[in-house]
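I opened a fresh page for this one. These are my notes on what I looked up, in the order I went.

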Amino acid sequence: DTSLFENIRGGHPPANRKLVRSAARAAGIHSKRDLTTACGVGGKLLSPAEAQRIGIARGYLRVMTAPDPSESLLVLDDPFSFQDPHSAAHITSHLRDLVAHGTSVVVLTQQTQLCAAADTVFLLEAGKLKASGTHEDMLRNQSLYSRIHSISQSFSISSTGSVTRVRASGLENYWIFAGLKPAERAAVAKA
């Protein structure tokens, strides 16, 4: 059982308190919890979103303590899957700062709205590279990417997590709703 501080410091054990706090702030942890808070054995006292932010903070800490952060590579696998829009925006702004200072960031995601800020988007299908280009190029030229984008835009959650909005036009991309008439999809979206 470790504290949030010790868990984040696992990204670079010799890191000092100031660096750990900075990484926690960048990942949106510091404002939400005291860093002395216990995580529980195996992180059992953390929500999935908190556990995900700790992993992001560890990555930030590794980059911050690298001999030359401009030669660093940070790989994040679906880093926003448990984050509310406000937290995702906060983390994204810090990722942009890293990129502005020369760190290479690779984000693996199905949330295409995150790809809009990328220099290059790579589309994989069945483990093979299918296409690459900018977000806009991919939307125009790749039907699979356009479909993934449409699906990812079908639902939105408020920054508080209390309101979910569903776009009726996006529901047609889900097999369970595909057979419904437009008016029926609209009724489902309003429910």
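My entries below go from the core outward to the surface and the odd spots.

**Entry 1: what I'm looking at.** I noted at the start that this is a predicted model. I kept that in mind for every entry.

**Entry 2: the core.** Which residues have the most contacts inside the largest nonpolar core? I found Ile8, Ile29, Tyr60 and Leu95 in that role, in a core of 26 residues. Then I looked up where the core residues come from. Helices α1, α2 (17-26), α3 (48-64) and α4 each give two or more residues, and so does strand β1. I also wanted the main contributor, and α3 gives the most, with 6 residues.

**Entry 3: a nonpolar patch outside.** Next I checked the surface. Leu73, Val75, Val106 and Leu108 make up a nonpolar patch there, and together they have about 340 Å² of accessible area. Two strands, β1 (73-77) and β2 (104-108), each give two or more residues to the patch. I looked up Val75 on its own and found it in strand β1. I jotted down that β1 also turns up among the elements giving two or more residues to the core.

**Entry 4: salt bridges.** How many salt bridges does the structure have? I counted 3, and I took them one by one.

The pair I wrote down to begin with was Glu6 and Arg9, with their closest N and O atoms 3.0 Å apart. Both sit in helix α1 (residues 4-9), and being 3 residues apart there puts about one helical turn between them. Glu6 is partly exposed at 36% relative accessible area, and Arg9 is partly exposed as well, at 23%.

Then I went to Arg140 and Asp137, whose side chains meet in a salt bridge at 2.5 Å, N to O. These two are 3 residues apart in helix α5 (residues 135-141), so about one helical turn separates them. I looked up how open they are: Arg140 counts as exposed at 59% relative accessibility, while Asp137 counts as partly exposed at 29%.

The remaining entry on my list was Glu125 with Lys130, where the closest N and O atoms are 3.1 Å apart. Glu125 counts as partly exposed at 38%, and Lys130 is partly exposed at 44%.

**Entry 5: rings.** I searched for aromatic pairs and got 0. I did find a charge over a ring, though: Arg17 lies over the face of Phe5, at 4.4 Å from the ring centre.

**Entry 6: odd backbone angles.** I looked for positive phi values outside glycine. Asp78 has one, at about 45 degrees. I traced Asp78 to the loop between β1 and α4 (85-100). Is Asp78 buried, partly exposed or exposed? I got 26% relative accessible area, so I wrote it down as partly exposed.

Ala126 went on the list too, with a positive phi near 55 degrees. I placed Ala126 in the loop between β3 (121-125) and β4 (128-133). At 80% relative accessibility, Ala126 counts as exposed.

**Entry 7: what I'd revisit.** I'd go back to strand β1, since I met it in several entries. It holds Val75, gives residues to the surface patch and gives residues to the core, and the loop with Asp78 runs between β1 and α4.

Notes:
Residues numbered from 1 in each chain as written. Predicted model: local features only at pLDDT ≥ 70, side-chain atom pairs only at ≥ 80, totals over all residues. Heavy atoms only, no water. Phe/Tyr/Trp six-rings, centres within 6.5 Å; stacked < 30°, edge-to-face > 60°. Lys NZ or Arg CZ within 6 Å of the ring centre and 35° of its normal. Patch = residues over 30% accessible without salt bridge, like charges linked within 9 Å, V, L, I, M, F, W, Y side chains within 5 Å. Areas by Shrake-Rupley, 256 points an atom, 1.4 Å probe, with all protein chains shown as cover. Salt bridge = Lys/Arg side-chain N within 4 Å of Asp/Glu carboxyl O. Helix = DSSP H or I, 4+ residues; strand = E, 2+ residues; numbered from the N terminus. Buried < 20%, exposed > 50% of the residue type's maximum accessible area, 1.4 Å probe, protein only. Core = buried A, V, L, I, M, F, W, Y, C linked by side-chain atoms within 4.5 Å.
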